[in-house]
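Work through these exercises with the model open. Each task is followed by a solution in steps.

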Amino acid sequence: MCGIVGILSTTKKDIAIYIYDALTILQHRGQDAAGIVTAYKGRFYMRKSNGLVKNVFRTKHMTQLLGDMGIGHVRYPTSGSSSNAEVQPFYVNSPYGITFAHNGNLTNTKQLSQELFEQDLRHINTNSDSEILLNVFASELAKLQKQRINESDIFNSVSQVHKRVRGAYAAIGMIPGYGIFGFRDPNGIRPLILGKRITKSGTKYMLASESVALRALGYKITQDIKPGEAVVIDRKGNIFIKQCTKKAKYSLCIFEFVYFARPDSVIDNISVYKSRLRMGEKLAEKIHKEWDINNIDVVIPIPDTSRVAALQLAHKLDVKYSEGLIRNRYIARTFIMPGQKLRKKSVRQKLSTIELEFKNKNVLLVDDSIVRGTTSEQIVQMARDAGANKVFFASAAPAVRYPNVYGIDMASNKELIAHNKNIDQICKAIGADKLIYQDLDDLIWCVQQGNKEINTFDCSCFNGQYVTNDIDQDYLEHIEFLRGNSTKKNNNTCEASELIGNDVE
């Protein structure tokens with residue numbers, strides 16, 4: 001999962017600072033690496049490296065990122081490796097010079113890589129599927145053999161991308177002297193939102209992964225880019241939007257609403273906050289039916305993403321709600337940390353208990369989901385160490401039993417605590433006295449209420465049904481093998497703080 005942003009201004013030349021601000025707001029979507037590319041007088045200026053946004057960019061970098069348009073990216077790795085060479089945005093010099101940022105994960109990278117080498121005569125320098133996506137688009141654009149391009153050429157190229165590429169992709173690109181563009185895969189698995197801001201000095205346009213980034217910078221939400229759609233914004237501020245496939249169908253990733261997106265975001269007209277409130281309500285209904293709620297003394301959320309659901313759950317059960325776990329905000333989100341050892345180490349650094357809220361009480365811990373079980377097991381033990389009499393555990397999402405292949409770091413069945421286990425076995429594994437999960441139908445209902453026009457969601461990590469219809473056991477074993485190898489290697493093939501045009505060091 002990653003965060004992407006693109007901004008074009010019809011007057012301002014200092015666009016980099018606004019991209020920086022947007023990336024800090026999208027930091028929750030990726031904490032492994034960050035990058036910005038701007039364009040000025042036909043040249044690109046780039047700065048990218050591993051680390052948080054605040055650490056990658058210093059004043060000396062920002063002053064040299066010149067331009068009236070640019071794109072940015074925050075990353076956590078799900079394919080390829082976490083080396084500097086795979087930090088985005090990526091760049092190709094032909095045709096026209098294109099920079100590119102991608103959120104998602106392709107599922108036919110092996111085939112595409114071979115095609116690019118044998119048919120398109122293009123070299124791929126990293127193991128990143130994002131570089132492959134960029135080169136597929138660039139190759140299709142180059143086939144037109146035009147000295148100057150227009151929006152129709154970009155739309156035609158995106159149409160060809162949809163025919164060749166499978167998987168999840170929301171992407172933003174930039175061509176110097178022309179403008180920025182963005183597109184979304186035919187299933188709309190990953191989000192992309194368009195906004196506009198009118199100021200005294202001119203008009204600005206922005207594309208981003210979440211609405212919160214646009215609103216925080218003063219942009220009015222214009223629309224969500226629909227599945228299969230592409231948007232082009234030229235240097236004069238003209239906007240062109242076109243559907244680029246006949247096979248478009250909403251299959252938005254439901255895990256965006258469970259965990260990844262910020263609660264103050266709205267994606268495809270669905271409020272993340274309202275969705276999580278409903279998750280708490282539905283989970284409370286299930287607990288009321290299956291458990292004796294009189295045995296629960298206090299409901300405590302595991303911060304931060306479960307807080308909204310836990311508060312509503314406690315309200316519906318009429319049980320005391322308490323912030324018994326305090327989060328150290330200087331520790332990154334443990335789910336998206338690269339490597340299981342680092343996740344385990346970070347849990348107790350990330351959370352601490354208020355013992356008065358646990359001592360001699362039957363505690364119901366509420367989390368947004370249980371993926372690997374690493375965090376859950378340690379938090380249950382922390383509750384016991386704080387003096388809890390009994391520790392119950394509730395997940396606002398169903399059991400995660402299958403790998404995710406569309407941009408979430410769940411590549412291996414072996415890492416998933418619920419794979420091939422029943423509820424009692426999972427409960428024992430995390431050390432809880434009782435465990436309850438949200439039902440999948442209820443989770444879908446909770447999200448769908450925000451936009452009843454969306455009938456299908458990608459729920460593959462819960463039910464094993466992959467919306468791209470191209471995933472088999474051989475593929476799952478292949479990505480598990482690749483993921484295992486990527487944790488052992490650090491493919492530093494080049495320095496990623498390089499700059500096209502002038503060196504921003």
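**Exercise 1. Locate Ile 254 and describe its surroundings.**

Step 1. Ile 254 sits in the loop between strand E14 (252-253) and helix H8 (255-260). Helices (H or I, at least four residues) and strands (E, at least two) are DSSP runs, numbered from the N terminus.

Before going on, note the ground rules. This is a predicted model, where local features need pLDDT of at least 70, side-chain atom pairs count only at pLDDT 80 or more, and totals for chains, interfaces and linings use all residues. Residues are numbered from 1 along each chain as its sequence is written, and side-chain values use heavy atoms, with hydrogens and water left out.

Step 2. Check accessibility. Ile 254 has a relative accessible area of 0%, so it is buried. Buried means under 20% relative accessible area, exposed over 50%, partly exposed in between (1.4 Å probe, protein chains only).

Step 3. List contacts (heavy atoms within 4.5 Å). Leaving aside neighbours within four places in sequence, Ile 254 touches Leu 443, Ile 444, Val 447, Phe 457, Asp 458, Cys 459 and Phe 462.

Step 4. Compare with Ile 7. The two residues, Ile 254 and Ile 7, are 247 residues apart in sequence and 27 Å apart in space, C-alpha to C-alpha.

**Exercise 2. Which residues have the most contacts inside the largest nonpolar core?**

Step 1. Fix the term. A nonpolar core is a set of buried Ala, Val, Leu, Ile, Met, Phe, Trp, Tyr and Cys residues joined through side-chain atoms within 4.5 Å.

Step 2. The largest core holds 42 residues, and Phe 255, Met 279 and Phe 462 have the most contacts inside it.

Step 3. Assign elements. E14, H8, helix H9 (272-290), helix H14 (440-448), helix H15 (460-463) and helix H16 (473-486) each supply at least two residues of this core. H8 gives the most, with five residues.

Step 4. Inspect Phe 462. Beyond neighbours within four places in sequence, its contacts include Ile 254, Phe 255, Pro 398, Tyr 402 and Leu 443.

**Exercise 3. Find the cis peptide bonds at Pro 95 and Asp 304.**

Step 1. Ser 94 to Pro 95 is cis, with omega near -5°. Pro 95 lies in the loop between strand E5 (90-92) and strand E6 (98-106).

Step 2. Pro 303 and Asp 304 are also joined by a cis bond, with omega about 5°. Asp 304 falls in the loop between strand E17 (298-301) and helix H10 (307-317).

**Exercise 4. Is Asn 469 buried or exposed?**

Step 1. Asn 469 lies in the loop between H15 and H16.

Step 2. Its relative accessible area is 72%, so Asn 469 is exposed.

Step 3. Phi of Asn 469 is positive, about 55°, although the residue is not a glycine.
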